[in-house]
Amino acid sequence: MQLRHPLVEFIGYIALLLYISFSLNPIGIGIVLVGLLVIKPKSVPVVAIIILLTTIVNPLVNHKGETYLFYLNDNIITLESVIYGVLLGCQVSCLILGFKLMSDNMTSEKIISVTSYLFPPVSLLLSMAVRSLGKYSRKTKEVYLYQKTFSEKPGFFRMIIICINTFSIMVGWILENSIETADSMVCRGYGSTRRTTFRKVRINRNDIIEILLIISLFTAFYITIPETIIVPYLDIGIDVINIIAVSVFIVYEVFNERFRCEYKTTFNR
């Protein structure tokens, strides 16, 4: 079974987050929220709490609107502010779920694979940074445990001295390791000629078709976003093309999340 290129997933997530950020249409945001909750059904209680909080807080601080409901401590509670609070809660929930979905699926290797096409130097720095984080954290723990063996029951001041010694040792070790890495890159000819990159998954015809489909749907539902006014008066625009484009895009994302081919990492940590 052929692996799906991470660039397709990355473009899909970016399109989804851009639409959530710039759209205030309740119908489109509602469709997106339902689709994200289908993907992550365990997030329903959290989403309900967020929407409830924004629905309560927004009318208390925003009193604009032409439909008066009641007075609370001489403050007007309007229908438009309540509806805007619900919409704001749905939008925030969609953003949280979208970023959570992206962080769960876009692993470090996928991000490196995507940036290698657009910014090869950034991809190299990113891959070295990801490798260094795990390497340095393991080395720090090793040095710290070794320093603790010099005292059976170290007190508070002894623990401070151990931490200072560990930090000093790690600074020297990191600088020495950086010099060795730089010398190794020079010996291997880095920067002398154009660098080639090994990619386990390459963009094929199906990936290009999916990318064009995502861009077309995003263009369709972004251009056709109807003008919506919540405050100070309620005027919700409806566009059939926008609803169809958003629905097709969300169904496409739900289908990919349920049945997509996982990009299996081969990055040895």
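About 30 Å³ of space lies in the second largest cavity of this predicted model, and the structure holds two cavities of 30 Å³ or more. The residues that line the second largest cavity are L16, Y19, V32, F221, V246, F249 and I250. Two helices, α1 (6-22) and α9 (240-259), each supply at least two residues of that lining, and the largest share, three residues, comes from α9.

**The chain as a whole**

For a reader new to this structure, the order of the elements is a useful guide to what follows. The chain has nine helices and two strands, and along the sequence these follow the pattern α-α-α-β-β-α-α-α-α-α-α. The chain has 269 residues, of which 37% count as buried.

**Helices α1 and α7**

Helix α1, one of the two helices that each give at least two residues to the lining of the second largest cavity, has 17 residues, and because each residue should add 1.5 Å, a span of 24 Å is expected, which agrees with the 25 Å between its end C-alpha atoms. The buried residues of α1 are P6, L7, V8, E9, G12, Y13, A15, L16, L17, Y19 and I20. Two of these names, L16 and Y19, also appear in the lining of the second largest cavity.

Helix α7 covers residues 156-187, and its 32 residues reach 47 Å from the first C-alpha to the last, close to the 46 Å expected at 1.5 Å a residue. Within α7, the residues I162, T166, M170 and N177 are buried. An α-helix has 3.6 residues a turn, so residues three or four places apart point the same way. Just after α7, G189 takes a positive phi of about 80°.

**A nonpolar patch on the surface**

On the surface, a nonpolar patch of about 800 Å² is made by L52, I56, V57, L60, V61, L69, F70, L72 and L79. Both α3 (44-61) and β1 (68-72) supply at least two residues of this patch, and α3 gives the most, with five residues.

Two members of the patch can be described further. V61 has its place in helix α3, and V61 counts as exposed because its relative accessible area is 62%, where exposed means over 50%. L69, by contrast, has its place in strand β1, and with a relative accessible area of 45% L69 is partly exposed. The C-alpha atoms of L69 and L79 are 6.3 Å apart in space, although the two residues are 10 residues apart in sequence, and both belong to the nonpolar patch.

**Residues that are separated along the chain**

Which residue of helix α3 has a C-alpha atom separated by 8.9 Å from that of S93? The residue is A48, which is found in helix α3 and is 45 residues from S93 along the chain. At 45% relative accessibility, A48 counts as partly exposed.

Is K110 buried or exposed? K110 lies in helix α5 (residues 108-118), and K110 counts as buried because its relative accessibility is 1%, where buried means under 20%. The C-alpha atoms of K110 and H5 are separated by 8.5 Å, although these two residues are 105 residues apart along the chain.

F255 is found in helix α9, the helix that gives the largest share of the lining of the second largest cavity. With 49% relative accessibility, F255 counts as partly exposed. Between the C-alpha atoms of F255 and I39 the separation is 9.2 Å, while the two residues are 216 residues apart along the chain.

The four pairs of residues described above are set out here.

| Pair | Residues apart along the chain | C-alpha to C-alpha distance |
|---|---|---|
| L69 and L79 | 10 residues | 6.3 Å |
| A48 and S93 | 45 residues | 8.9 Å |
| K110 and H5 | 105 residues | 8.5 Å |
| F255 and I39 | 216 residues | 9.2 Å |

Conventions. Residues are numbered from 1 along each chain as its sequence is written. This is a predicted model: local features need pLDDT of at least 70, side-chain atom pairs count only at pLDDT 80 or more; totals for chains, interfaces and linings use all residues. Side-chain values use heavy atoms; hydrogens and water are left out. Patches are made of residues with over 30% relative accessible area and no salt bridge: like charges are joined within 9 Å, nonpolar side chains (Val, Leu, Ile, Met, Phe, Trp, Tyr) within 5 Å. Accessible areas come from the Shrake-Rupley method with a 1.4 Å probe; for residues, only the protein chains shown count as cover. A salt bridge is a side-chain nitrogen of Lys or Arg within 4 Å of a carboxyl oxygen of Asp or Glu. Helices (H or I, at least four residues) and strands (E, at least two) are DSSP runs, numbered from the N terminus. Buried means under 20% relative accessible area, exposed over 50%, partly exposed in between (1.4 Å probe, protein chains only). The expected span of a helix is 1.5 Å times one less than its number of residues. On a 1 Å grid over the protein atoms alone, a cavity is a set of points where a 1.4 Å probe fits but cannot get out, and a pocket is an open set with protein on both sides within 12 Å along at least five of seven lines; lining residues have an atom within 4 Å of a point. Grid points are joined across faces, edges and corners, and a volume is the space filled by probe spheres set on the points.
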